[in-house]
Amino acid sequence: METLSCDLETYSSEDLRKCGVYRYCEAPDFEILLFAYSVDGGEVQLADLASGEKLPREIIKAVTDDSVIKWAWHANFERVCLSRYLRDLGLLTGYLNPEGWRCDMVWAATLGLPFSLEGAGAVLGLDKQKLTEGKELIRYFCKPCSPTQANSGRTRNLPCHAPDKWEMFKRYNIRDVEAEMGIQQRLSKFPVPDFVWEEYHLDQEINDRGVKIDMELVRQAIAIDERSRNELISAMREFTQLENPNSVQQMKDWLANNGLMTESLDKKAVAELMKNAPPELIRVLTLRQQLAKSSVRKYQAMQNAVCADGRARGLFSFYGANRTGRFSSKIIQLQNLARNSMSDLDQARALIKTGDYDAVSMLYDDVPDTLSQLVRTAFVPPKGKLFYVADFSAIEARVIAWFAGEKWRMELFKNGGDIYCMSASQMFKVPVEKHGVNGHLRQKGKIAELSCIAEGQLVLTDRGLVPIQDVRLDDRLWDGESWVEHDGVVYKGEKEVIEYEGLTATADHLVWIEGESEPVHFGYAATSGAHLVQTGNGWNPIRLGENHISRKTLEQKDESLLRSNSMHRVWCDKMDKSECSDFRKIERLSELFTARSTNSEVAVQEIISGKTKMYQPQKQRIQQLRRAWNQIWIRLCVRGLPVFNRQVWYSIKGFRNRPHRHQRRLRPWEHLFFNPCGKLYQSASECTLRIQTGLLAVQSSGCYQNAEKRAVEGADYRKCKEGGSRKKKEMETHRRTARLYDIRNAGKHHRFTVSGHLVHNCGYGGGIGALKNMGALEMGLKEEELQPLVNAWRNANPNIVKFWWAVDNAVMEAVNKRTTTETHGITFSLKSGMLFITLPSGRKLAYVKPRIGMNQFGGESITYEGIGATKKWERLESYGPKFVENIVQATARDILCYAMKTLRCCSIVMHIHDEVVIEADPRVSLDALCEQMGRTPPWAEGLILTASGYTSPYYKKD
């Protein structure tokens, strides 16, 4: 026998989801009901253990023989359950050796497939899929039931209580093994490398070992928390006279009745309300904050999961994040433990363990917060040992610098510098040393280790269009809804910028695009072909709906009067102005006029005096322009008016003829434009913008009637000196270096209008969302402090920005040409409908069924299938920076696994992010452990790693 595929059905009075399989199997009434198995891929057999059948002797021998490979979906469950079964037979002590086991679920996860057997089978299109009625059968036979008069007061359903259901349950068990074997057959083209299985076995060893829990601390913490909650509720009930002050709706209504309106009572909202609330309401909100503390849930999870020997096991999920392969945590959720900042942890722990609530409440004003900070300390080593906690220093910052070749950062790491201290020092303009001068600021610099507008870009102010560098503090800005104040212009230095749809800014600046309610990176908008939201024309600003979509909400029925769908990436305004009649003046846009297509390349508007139906040009494609010398003549539409005899040049030289995505809309090389009054403009976009704004003022002054039409049709298009050579620049980027500016805090929405588009301002944007998600505001940073730090980071790391887009290009070419590409030591390839990204470690990241297609914005991007935010299997989108994020996180994960394998002789009990926790004899050298952990893997030559650590009689955050 070489392989054994198996699946179990079991019974236990413990709740598997709450306690995990290790505690589940310790229940006195635990038993294996059914055992379905297949030997070497043969016909599936079934042992009905609940009905008195026995496992064949050769199967028991195979289970204990490490040379026979056992396969199962979520093999940890089968292995631990069979370990209990064999212990009861006296054939085993401890747990079965994981080295003889393989997990189908892990195999599927390495290929980006769902974690459920049913989901993976559906994606792979198996003929024999998991039976859908299984959940009801499991609920009936595998869990306790409530005693009722109908079931004669029993608490458990046996096979004899429903023979028909039992026979169906047996077929269900057999079908599971058949489905697992079908998945193995489908995945046979993509075997899991042996070194990944070694990592899986190490993970299983750590899960089997578990970590000791200080149960006395846990029990007393739960009791103190219960009393604290009762007192808080009583105090709130006394203040508010509410029947249930813990009810969100009742509390919101009470606050509203007291003059404090709010849509939410989450942590952030309550903190914001407290800034301006009267003292009596601040007291209620403070009580609300304390009541909302969820620290006790961690203690309850510990109580549920702890085994008879006082250790909690099975806390880690191998390949928990199937796009990067990173570990995840379950049951107690170690990945999001609260930080501890108390200086007297020893005294606080001792006091909690006494159970003296009065003393705790007297010494600590916020009892829930105290309990929250002590959660980590509930993990303890056995008597006579210490915890050795070692972690990598700035692992992801080092990895991305290594990939991108950011030399100054590598030098900093080589010289032993602390990147977090440097960031904090730059931010607060003071020296910062870890465990030294201003050491408390290091964490604020740490979260920043994770954008701007070019000079001359015109900002819409209440005194007209003003170059961004000339915006005054007393100017009000248009934010798409109203005129708002701001905190002034800030200079951001020089950096590479890109131009797209008339806007010139850095790739990481945040902008709004149609169809999205949240801002996105400017670079992403450009590469995806999304259309930037228009917020005004300088004369009659266009208001935005609540969803930030230009005119879609307020003028939903008004489709484009003029849109050149047939010419790739040539777009005009969403709503064109009607031309003023020679006989009457149109005060407002009240009618839609016909837009007729006069050729196959672009639609040209013709003004009809009567109201007619709107004409939508049919979408067509033209032959791609693939040579630098290709040139065409088109009639370009500017604000709905035809501009004749205009020559447009277009080049994609250097882009290997990739279609669509890197072929931007056709645009002219630089020309000089003249209006009838003799005003000189540098570009068509500036001419158009000035026509839309300033020339309207000329019209009102009586210079001439219909100035807009005459300015466009009478424009003299002549080449400027610099643009006379018609340089064949690639429109993919239109990159150049520019002096950069931004505006601080433009209104409550943090946005303003530049070049006719809505953009985010300094103080919110770029990496700000990520900083907030990492808890920047909770750590003491103010919102206006975040953007300068992000901008400084971006400006100082140009090679990392280049790395983003090099990966983006490599992925696009691999998918588009179905070939293999390489950049920065990373390989991108397609095989059997899968995109594989091969990391330096040799491990591959997989993306299912990638393709270049229409995304949600109407442009083209890389999409693939996977589990999305809805927790459903769907088509997802990605782009360069997102792929880089996956690559960096996955590489950091591989480094952690390499370090854990070098420390395998030690007793690793936990690993959280980039940190390893070992229980060891106090005589063990901490320096030796850190040195061993900080060794660079052989596949990461040039990567500089360091690890530092501490020892403690309990787990804590140093």
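Buried means under 20% relative accessible area, exposed means over 50%, and partly exposed lies in between (1.4 Å probe, protein chains only). The model is predicted: local features need pLDDT of at least 70, side-chain atom pairs count only at pLDDT 80 or more, and totals for chains, interfaces and linings use all residues. Residues are numbered from 1 along each chain as its sequence is written, and side-chain values use heavy atoms, with hydrogens and water left out.

**Exercise 1. Salt bridges**

Task: Find the salt bridge partner of Glu 31 and state where the two residues lie.

Solution. Step 1: a salt bridge is a side-chain nitrogen of Lys or Arg within 4 Å of a carboxyl oxygen of Asp or Glu. The structure holds 28 salt bridges. In one of them, Glu 31 pairs with Arg 156, and the closest N and O atoms are 2.5 Å apart.

Step 2: Glu 31 belongs to strand S2 (residues 31-39), whereas Arg 156 sits in the loop between helix H6 (134-141) and helix H7 (163-186); the pair links distant parts of the chain, 125 residues apart. Helices (H or I, at least four residues) and strands (E, at least two) are DSSP runs, numbered from the N terminus.

Step 3: Arg 156 has 18% relative accessibility and therefore counts as buried. Glu 31, with a relative accessible area of 28%, is partly exposed.

**Exercise 2. Pairs within a helix**

Task: For the salt bridges Arg 84 with Asp 88 and Lys 170 with Glu 167, give the spacing and the accessibility of each residue.

Solution. Step 1: Arg 84 and Asp 88 meet at 3.0 Å, N to O. Both are in helix H3 (residues 75-88), four residues apart, about one turn of the helix. Arg 84 is buried at 13% relative accessibility, while Asp 88 is exposed at 52%.

Step 2: Lys 170 and Glu 167 meet at 3.5 Å, N to O. Both lie in helix H7, three residues apart, about one turn of the helix. Lys 170 is buried, with a relative accessible area of 17%, and Glu 167 is partly exposed at 39%.

**Exercise 3. Two hairpins**

Task: Describe how strand S32 pairs with S31 and with S33.

Solution. Step 1: two strands pair if DSSP finds at least two bridges between them. Three bridges join S31 (residues 821-823) to S32 (residues 826-831), and the strands run antiparallel. Thr 823 is opposite Ile 826 in S32.

Step 2: two residues separate S31 and S32 in their hairpin, where His 824 takes a positive phi near 55°.

Step 3: S32 is also joined to S33 (residues 834-838), antiparallel, by five bridges. Phe 828 has Ile 837 in S33 as its bridge partner. This hairpin too has two residues between its strands, and Ser 832 in the turn has a positive phi of about 50°.

**Exercise 4. Sheet order**

Task: In the open sheet of S7, S6 and S10, identify the edge strands.

Solution. Step 1: the three strands have the order S7-S6-S10, with antiparallel pairing. Strand S7 (311-312) and strand S10 (379-380) are at the edges; each has a single partner strand, so one side of each is left without a neighbour in the sheet.

Step 2: S6 (residues 211-213) and S7 are antiparallel and joined by two bridges. Val 211 has Ala 312 in S7 as its bridge partner.
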